[in-house]
Amino acid sequence: MEQALDVLAFGAHPDDIELMAGGTIIKLARQGYRVGMISLTRGEMGTRGTPEIRREEFAASAGIMGLAMHSMLDIPDGGVNESEENRLKVIREIRRWRPALLFAPYWETRHPDHAHCSHLVREAAFYSGLKKIESGEAAFRPARVAYYCEHYHFAPSFVVDISDVFEIRLEAIRAYKSQVFNPDAPADDEERTHISSPEYFRSIYARAEYWGGRIGVRYGEPFLVREVIRTEDPFALLIGRAREEGQG
Ligand SMILES: [Zn+2]
C-alpha cells in the first residue's frame, strides 16, 4: 500500500492550485506534512502550450513546492462535470492517498470546470467513505475540505500567512513557462491570454498583499471551510500560541 498523504489539493487544470493555494501547500510541505496535488485534466484546451509541455511544467512546479505526489487525471479539459464516472475517479484518488485534509476551488467561480471541480471534490469526499460504493480501494473519508479563493471573494474562515514562502510560490508559478507572463521574454510569439499578461502577473502580488493586509502580514492566502471550526483552546486559536509552561 502506498504511503498516505496528509493533504491533497485538487484543481481542474495544471497551475490552478499554485495560483490560488500554492503558498499554503508549500508551507505545509515545509512543515513536514505529506502533500500531494491532482489536476483533474491535462489542460489540453489551453490557448498556449501543449499537453506534453503542461505535464512537464506541472512536474517541475510540484518539485519546486516539495510535494510528495502529483498527478493528472484524464477528465477532458472543458468537460469537467459531476458525472458518476468523474466522481468515481476522484473517489479512487481519495481512497488511494487517504488524506485528512483536501483543498478544492471555491464553488462560486467564473470557469465552469473550476465550479464542477469544487462540487466533485465535495461529493467524492463524502461518498469515498461509503463502503458500498466499490472502486477497488478501501472506503476512506477525509476529515475536511478547505476551499481556496479564485475569481469571487468570500469571507474567509482563515487566512494563511505565506510571506516566508511567497518567493517559492512565484518560482512554482514561473515553472508554467507556456502559461504565465515571462519578463525575460515579454514578446513571445504565442497568443496573449489573460493569465499570460503582465497585468495578471501583477495581480498575483496584489491578491496576496490584499489578503496579507487583512491579517497584518505581507502576503496571505484565504480559505473557506463550510463547517464551524471547533477548538479546545480559543487562546491558542486567536492569539496564535499555546500557554507557555511556567507562566502565570
Ligand atoms: Zn483552471
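This passage walks through the helices of a predicted model, how they pack, and two residues at its surface.

A good place to start is helix H4, which spans residues 112-127. This helix holds 16 residues and covers 22 Å from its first C-alpha to its last, close to the 22 Å expected at 1.5 Å a residue. Many of its residues are listed as buried, and they come in two stretches of the helix that are easy to follow by eye. Toward the start are Asp-113, His-114, Ala-115, His-116, Cys-117 and Ser-118; further along are Leu-120, Val-121, Ala-124 and Ala-125. In general, an α-helix has 3.6 residues a turn, so residues three or four places apart point the same way. The buried residues of H4 have several packing partners. Among the helices, these are H1 (16-30) and H3 (84-97); among the strands, they are E1 (7-11), E4 (101-105) and E5 (144-148).

The pairing of H3 with H4 can be looked at in more detail. The two axes come within 9 Å and cross at roughly 60°. At that angle, H3 is oblique to H4, and H3 passes H4 in a right-handed crossing. On the H3 side, the contact involves Asn-86, Arg-87, Val-90, Ile-91 and Ile-94. Facing them from H4 are Leu-120, Val-121, Glu-123, Ala-124, Ala-125 and Tyr-127. Sorted by class, this contact has eight nonpolar, one polar and two charged residues. Four of the H4 residues named here, Leu-120, Val-121, Ala-124 and Ala-125, also belong to the buried set of that helix.

Helix H5 (residues 166-174) offers a second place to look, beginning with its approach to helix H2 (residues 51-65). Their axes come within 8 Å and cross at roughly 165°. An angle over 145 degrees counts as roughly antiparallel, and H2 and H5 are therefore roughly antiparallel to each other. H2 passes H5 in a right-handed crossing. The contact is built from Ser-61, Ile-64 and Met-65 of H2, together with Ile-168, Glu-171 and Ala-172 of H5. Its residues divide into four nonpolar, one polar and one charged.

H5 also meets H1, with axes that come within 9 Å and cross at roughly 135°. These two helices are therefore oblique to each other, and their crossing is right-handed. From H1, the residues taking part are Glu-18, Leu-19, Gly-22, Gly-23 and Ile-26. From H5, they are Phe-166, Ile-168, Arg-169, Ala-172 and Ile-173. By class, the residues of this contact are six nonpolar, two polar and two charged. Ile-168 and Ala-172 appear in the contacts of H5 with both H2 and H1.

Away from these helix contacts, two glutamines show what an exposed position looks like. Gln-3 lies in the segment before E1. With 9 other C-beta atoms within 10 Å, Gln-3 is exposed, since the cut-off for that class is 12 or fewer. Gln-3 and Ile-75 are 72 residues apart in sequence, and their C-alpha atoms are 25 Å apart in space. Gln-31 sits in the loop between H1 and strand E2 (35-39). Gln-31 is likewise exposed, with 9 other C-beta atoms within 10 Å. Its C-alpha atom is separated by 18 Å from that of Phe-158, a residue 127 places away along the chain.

Note on methods:
Residues are numbered from 1 along each chain as its sequence is written. This is a predicted model: local features need pLDDT of at least 70, side-chain atom pairs count only at pLDDT 80 or more; totals for chains, interfaces and linings use all residues. The expected span of a helix is 1.5 Å times one less than its number of residues. A residue is buried if 20 or more other C-beta atoms lie within 10 Å of its own, exposed if 12 or fewer, and partly exposed in between; C-beta atoms are placed from the backbone. Two residues are in contact if their C-beta atoms, placed from the backbone, lie within 7 Å. Axes are lines fitted to C-alpha atoms, for helices over the stretch in contact, and angles run from 0 to 180 degrees between N-to-C directions. Angles under 35 degrees count as roughly parallel, over 145 as roughly antiparallel, 65 to 115 as roughly perpendicular and the rest as oblique. A crossing is left-handed if the near helix is turned anticlockwise from the far one by less than a right angle, and right-handed if clockwise. Ala, Val, Leu, Ile, Met, Phe, Trp, Tyr, Cys and Pro count as nonpolar, Asp, Glu, Lys and Arg as charged, and the others, Gly among them, as polar.
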